[in-house]
Structures are given as C-alpha cells and as structure tokens.
Amino acid sequence: MLGAAGLALKVPAAVSEALNELSSLRNCLLHRAVADADLVVEAPGLGFREGDPIRVNTKMTNRYLEAVSEFAVALTGAAAQRYIPQE
C-alpha cells in the first residue's frame, strides 16, 4: 500500500512481526475476544489455541507500542525523503 504512495519503507523483521500480531489480535478482540483459527495461524508466536480467551498483558502492550512507534518514525522519514525537497 505504501508503494502506491511512492514510499520505500524498511522496518526490522521484529517490528513487522509485532505489527502483524497486533493486527490479528485487534481483529479477534473486536469480534469475540477469543483466539480464532486465523490468529493461531497468523501469530503462532503468541501461543494461542483456537478458542482461548485473549488477554493482553503489559509486556505485549509495550512491545506493540514500541513497534508502532518505530513504524511511525520510519514512515515519517520515508515521507520526508519522498515529499520534502532536499537541499
């Protein structure tokens, strides 16, 4: 999606993994707050089994906050390179 805006964005694999987990968790939390088959497949590192109740702890929250922050910094840098004239 960012490629369509002409942005080249590179983030570490750990950030990408955390963001994918966060997206999968969000989907489950909004629907039933239990792990579904998609979450089990898309975020195996979380260790959920289908039907497990989802509990988000402080460690997880901090990990996702750091990943979102790092992504925002990378996105801002990529946008600046693309759209702000370099002198």
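**Reading a three-helix chain**

Mentor: Start with A79, which counts as partly exposed at 26% relative accessibility. The term is a middle band: buried means under 20% relative accessible area, exposed means over 50%, and partly exposed lies in between (1.4 Å probe, protein chains only).

Trainee: What kind of model is this?

Mentor: This is a predicted model: local features need pLDDT of at least 70, side-chain atom pairs count only at pLDDT 80 or more, and totals for chains, interfaces and linings use all residues. Residues are numbered from 1 along each chain as its sequence is written, and side-chain values use heavy atoms, with hydrogens and water left out.

Trainee: How many helices and strands does the chain have?

Mentor: Learn the rule, then count. Helices (H or I, at least four residues) and strands (E, at least two) are DSSP runs, numbered from the N terminus. Here there are three helices and zero strands. Along the sequence the pattern reads α-α-α.

Trainee: Is the chain more spread out or less spread out than a compact globule?

Mentor: Use the radius of gyration, taken over C-alpha atoms, and set it against the globule rule, 2.2 Å times the number of residues to the power 0.38. The chain is more spread out than a compact globule, because its radius of gyration is 16 Å, well over the 12 Å that the rule gives for 87 residues. Now add the box. Taken along the principal axes, the C-alpha atoms fill roughly 55 × 25 × 20 Å.

Trainee: What percentage of the 87 residues count as buried?

Mentor: The share is 21%. Next, look at the surface. Accessible areas come from the Shrake-Rupley method with a 1.4 Å probe; for residues, only the protein chains shown count as cover. The accessible surface of the chain is about 6,400 Å², and carbon and sulfur atoms hold 57% of it.

Trainee: Back to A79. Where is A79, and which residues does A79 touch?

Mentor: A79 sits in helix α3. A contact means heavy atoms within 4.5 Å. Leaving out residues up to four places away in sequence, A79 touches L7 and I84. Compare a distance: the C-alpha atoms of A79 and S16 are 18 Å apart, with their positions 63 residues apart along the chain. R82 also has its place in helix α3. R82 is partly exposed, at 47% relative accessibility. From R82 to R55 is 40 Å, C-alpha to C-alpha, for 27 residues in sequence.

Trainee: Is E21 buried or exposed?

Mentor: E21 is buried, at 4% relative accessible area. E21 belongs to helix α1, residues 13-31.

Trainee: Which side chains make polar contacts with E21?

Mentor: A polar contact is a pair of N or O atoms within 3.5 Å; within protein, one must be able to donate a hydrogen and the other to accept it, and residues adjacent in sequence count only if both atoms are side-chain atoms. The side chain of E21 has one with the side chain of R63, at 2.5 Å. Another, at 2.9 Å, joins the side chains of E21 and Y64. Beyond four places in sequence, the residues that E21 touches are A43, L46, R63 and Y64.

Trainee: What is special about the phi of A33?

Mentor: Most residues other than glycine have a negative phi. A33 has a positive phi of about 65°, although it is not a glycine. A33 lies in the loop between α1 and α2 (37-42). A33 is partly exposed, with a relative accessible area of 30%.

Trainee: Is A35 buried or exposed?

Mentor: A35 is buried, at 3% relative accessibility. A35 is found in the loop between α1 and α2. Beyond four places in sequence, A35 is in contact with several residues, including C28, F48 and D52. The C-alpha atoms of A35 and D52 are separated by 5.3 Å, at 17 residues apart along the chain.

Trainee: Where is D52, and which residues is D52 in contact with?

Mentor: D52 is in the loop between α2 and α3 (58-83). Leaving aside neighbours within four places, D52 is in contact with A33, V34, A35 and G47. A polar atom of the D52 side chain also lies 2.7 Å from the backbone nitrogen of R49.
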